[in-house]
Amino acid sequence: MVDQNYTAEEMFRLADSFFTSMDLIAAPQEFWDESMIVRPDDRDVVCHATAWDFSNRKDFRIKMCTDVTMDDLLTIHHEMGHIQYYLQYVDQPISFRSGANIAFHEAVGEVMTLSVATPDHLQKIGLLEQGVNDPETEINFLLKMSLSTIGTLPFSLALEQWRWDVFSGEVNSANWMKRWWDLKHELVGVKAPVNRTEDDFDPGAMFHIVGDYSFMRYYMRTIIQFQFHKAMCDAKNHEGPLHTCDIYNSPQAGDKLGSMLQLGSSQPWPDAMEQITGQRDIKADAIMEYFSPLNTWLQEQNKLMDEQIGWEEASGAATRTVFYIITLITMATVALILF
Ligand SMILES: [Zn+2]
């Protein structure tokens, strides 16, 4: 993108064209006039990317300080997913203009990134050399996708479990840090790199903690985005492994998604889920299917290297395993991924 002199606006236009290729709704002119997509040089702003519905049925905006990177291209698709939801349920009464549940809203753009990030798609839009289709590329792709999805599950769970324990009064302020790192150890399998005490407040480094945004939405959406992906890939009669599916240019997939988004929150979420997937539950089948080639590969690697799986339960030196390394990398990147 840098070589091709992409600008922030061109990245947003690219994301918009992904939605319109599926016969979904284009972002209106007001969106392009009023959004803030580059960091302004005349004032300080909060750069954390967010999408906004001004609730007057015509004003929808994104606020983001865009850099020309792959991460930001995927973030743009995520934020444009929120805008698409706003546009689809615009005719609902105000009280139904929200996601079927809060995880649905977070899943829409993520579903798009599952297609956008595929090597095939990047080749189609001229961002990756033609002919890169070997098994190594496939595993690299799946490993990268797992870091931004599978790897976030224990992170999200630990964060929200901690907040639940704090608000329920089970943990008092004298033990906030201890509980934080106990959960990190137990669920994520990582330890603080330096000594931490109750004088520190690591949870406060998270945008969603200081901004009081719920976090279970990211845990749930990570599972349901694969259910949506599979449903849309079935709608376009995709053949081959699920992770190679690209819903670009598929009005059938767009129709499946759009008709569910139009419901907003006017129906209970299991009804909305059933409309798009035929299932009434949040299920892990699709995410398991998507990553099964990687799962097989990791099991072989672990056997080959004689890795011990897991880590010690009590505090003490955590066992160094392939998974442990992955979660460490995830810890470092997860703050960039979760919006
Ligand atoms: Zn979001």
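This passage walks through two helix pairs and two buried loop residues in a predicted model.

Helix packing comes first. Two packed helices are described by the angle between their axes and the distance between the axes. For helix 7 (residues 152-167) and helix 8 (residues 176-188), the axes come within 9 Å and cross at roughly 150°. Angles over 145 degrees count as roughly antiparallel, and helix 7 and helix 8 are therefore roughly antiparallel to each other. Their crossing is right-handed. On the helix 7 side, the contact is made by Pro154, Phe155, Leu157, Ala158, Leu159, Gln161, Trp162, Asp165 and Val166. Helix 8 brings in Trp176, Arg179, Trp180, Leu183, Lys184, Leu187 and Val188. Sorted by character, the residues of this contact between helix 7 and helix 8 come out as twelve nonpolar, one polar and three charged.

Next up is the pair made of helix 10 (residues 216-235) and helix 12 (residues 269-277). Here the axes of helix 10 and helix 12 come within 9 Å and cross at roughly 35°. Ile224, Gln227, Phe228 and Ala231 of helix 10 meet Met273, Ile276 and Thr277 of helix 12. That contact of helix 10 with helix 12 splits into five nonpolar residues, two polar ones and no charged ones.

Now for the loops. Gln92 sits in the loop between helix 3 (70-88) and helix 4 (102-116). Is Gln92 buried or exposed? Buried means under 20% relative accessible area, so Gln92, at 16% relative accessibility, counts as buried. Its side chain has polar partners too: the side chain of Gln92 reaches the backbone oxygen of Gln262 at 2.9 Å, and the backbone oxygen of Leu263 at 3.3 Å. Both Gln262 and Leu263 also turn up among the residues that Gln92 touches, once residues up to four places away in sequence are set aside. The others on that list are Arg57, Arg97, Gly264 and Ser266.

Thr118 belongs to another loop, the one between helix 4 and helix 5 (119-124). With a relative accessible area of 2%, Thr118 is buried. Which backbone oxygen lies 2.7 Å from a polar atom of the side chain of Thr118? The backbone oxygen of Ser115 does. Leaving out neighbours within four places in sequence, Thr118 is in contact with Phe141, His243, Cys245 and Asp246.

Methods:
Residues numbered from 1 in each chain as written. Predicted model: local features only at pLDDT ≥ 70, side-chain atom pairs only at ≥ 80, totals over all residues. Heavy atoms only, no water. Axes fitted to C-alpha atoms, helices over the stretch in contact; angles between N-to-C directions. Helix = DSSP H or I, 4+ residues; strand = E, 2+ residues; numbered from the N terminus. Parallel < 35°, antiparallel > 145°, perpendicular 65-115°, else oblique. Left-handed = near helix turned anticlockwise from the far one by under 90°. Contact = heavy atoms within 4.5 Å. Nonpolar A, V, L, I, M, F, W, Y, C, P; charged D, E, K, R; others polar. Buried < 20%, exposed > 50% of the residue type's maximum accessible area, 1.4 Å probe, protein only. Polar contact = N/O pair within 3.5 Å; in protein donor to acceptor, adjacent residues only side chain to side chain.
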